[in-house]
Amino acid sequence: MAETDKHRQLMNELIETLKDWFAADPNVYVSGNLLLFYEEGNKRRHLAPDVFVVFGVPKRDRENYLLWEEGRGPSIVIELTSSSTRREDTRQKLVLYRDVLRVPEYFLFDPFGDYLKPPLQGYRLADNEYRPIRLKDGRLRSRQLGLLLEPEGQTLRLVDAASGKCVPTRAENLRAAEQARFAAEESEREQTMARQAADAEVERLRAELAALRRKNGSA
């Protein structure tokens, strides 16, 4: 459960952005704040990662994620840590993701920068241990996603490693689509006005020509 509005907004934004990024692939499942059960027959063995991505399972809505039925665990987990979850995120969950779920990459982000120094940290599984991922130019690379993670104030942005450009959020895509629609409508209005002006000019010239013919005919 998100501790603050900012944590919830950021969690939803990351989930939406990743869903849009992998929209064309039917076998990438993106979710978050969803109960993930990892031991069959034991309802107590569960957790709810803030954001997680699973490769190789169908993209569909789920009531919960049953590891033994799906056959695959998360390839990457992002936890948005806070004062109430810091200890769990950096200790219990880290051990669980490393030793039980075997999550290849684990990232933690502290939006307010109060508890984690630096506020963005990442680990990659190697030889059964989590090795810290080094920051480069303020970013962490996710090999699993093919993206970079970059703090931007209290927001965590996803960056296309190939282009170096931020992956647009769903809100940004909607704004861009709205701007494109407005620009297209404005262009259409300008074209309509130009056609109307051209038609008016043709009519004016026709009228002048008709008047000139009448004048010549009566001369």
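Where is the place of Pro118? In this predicted model, Pro118 sits in the loop between β7 and β8 (120–126). The peptide bond that leads from Lys117 to Pro118 is cis, and its omega is near -5°. Most peptide bonds are trans.

**Overall form**

The protein contains 4 helices and 12 strands. Its radius of gyration is 28 Å, well over the 17 Å that the globule rule gives for 219 residues, so the protein is more spread out than a compact globule. Taken along the principal axes, the box filled by the C-alpha atoms is roughly 105 × 40 × 30 Å.

Of the 219 residues, 36% count as buried. The accessible surface of the protein comes to about 13400 Å², and carbon and sulfur atoms hold 48% of that area. Among contacts with a separation of 6 or more, 53% are made by residues 24 or more positions apart. The charged side chains comprise 36 positive and 36 negative ones, and the centres of the two sets lie 3 Å apart.

**Strand β6 and its partners**

Strand β6 spans residues 76–80, and 5 of its 5 residues are buried, so the strand is largely enclosed by the rest of the structure. Ile76, Ile78 and Leu80 point one way from β6, while Val77 and Glu79 point the other way. The buried set in β6 therefore includes the acidic residue Glu79 as well as Val77, given that buried means under 20% relative accessible area.

Two strands pair with β6, as the following bridges show. Strand β4 (residues 51–55) is joined to β6 by 3 bridges, and these two strands run antiparallel. In this pairing, Phe52 stands opposite Val77 of β6. Strand β7 (residues 105–109) pairs with β6 in the parallel sense, over 5 bridges. Here Glu79 stands opposite Leu108 of β7.

**Residues of helices α1 and α3**

Leu108 also appears in the surroundings of helix α3. Thr90 lies in that helix, which covers residues 86–100. When residues up to four places away in sequence are not counted, Thr90 touches Leu108 and Leu116. A contact thus links Thr90 of α3 to Leu108, the residue of β7 that stands opposite Glu79.

Val100 belongs to helix α3 as well. Leaving aside neighbours within four places in sequence, Val100 is in contact with Tyr38 and Val95.

Which helix holds Thr17? Thr17 is placed in helix α1, residues 5–21. Beyond its neighbours within four places in sequence, Thr17 is in contact with Leu158, Val167, Pro168, Thr169 and Arg170. Thr17 has 5% relative accessibility and counts as buried, because the cut-off for that class is under 20%.

Two separations give a sense of distance across the model. The C-alpha atoms of Thr90 and Glu203 are 78 Å apart in space, and the two residues are 113 residues apart in sequence. For Val100 and Glu16, which are 84 residues apart along the chain, the C-alpha atoms are separated by 27 Å.

**Positive phi in two loops**

Which loops hold Asn33 and Asp137? Asn33 lies in the loop between β1 (28–31) and β2 (36–37), and Asp137 is found in the loop between β9 (129–132) and β10 (140–142). Asn33 has a phi near 55°, a positive value in a residue other than glycine. Asp137 likewise has a positive phi, about 55°, although it is not a glycine. Most residues other than glycine have a negative phi.

**Accessibility of selected residues**

The table lists the relative accessible area and the class of five residues discussed above.

| Residue | Relative accessible area | Class |
|---|---|---|
| Thr17 | 5% | buried |
| Thr90 | 29% | partly exposed |
| Asn33 | 40% | partly exposed |
| Val100 | 45% | partly exposed |
| Asp137 | 72% | exposed |

The class of Asp137 follows from its value of 72%, because exposed means over 50%. Thr90 at 29% is partly exposed, since its value falls between the cut-offs of 20% and 50%. Val100, at 45%, is partly exposed for that reason too, because the class covers values in between.

Conventions. Residues are numbered from 1 along each chain as its sequence is written. This is a predicted model: local features need pLDDT of at least 70, side-chain atom pairs count only at pLDDT 80 or more; totals for chains, interfaces and linings use all residues. Side-chain values use heavy atoms; hydrogens and water are left out. The radius of gyration is taken over C-alpha atoms; the globule rule is 2.2 Å times the number of residues to the power 0.38. Buried means under 20% relative accessible area, exposed over 50%, partly exposed in between (1.4 Å probe, protein chains only). Contact means heavy atoms within 4.5 Å. Accessible areas come from the Shrake-Rupley method with a 1.4 Å probe; for residues, only the protein chains shown count as cover. Lys and Arg count as positive and Asp and Glu as negative; His and the chain ends are not counted. The place of a charge is taken as NZ of Lys, CZ of Arg, CG of Asp or CD of Glu. Two strands pair if DSSP finds at least two bridges between them.
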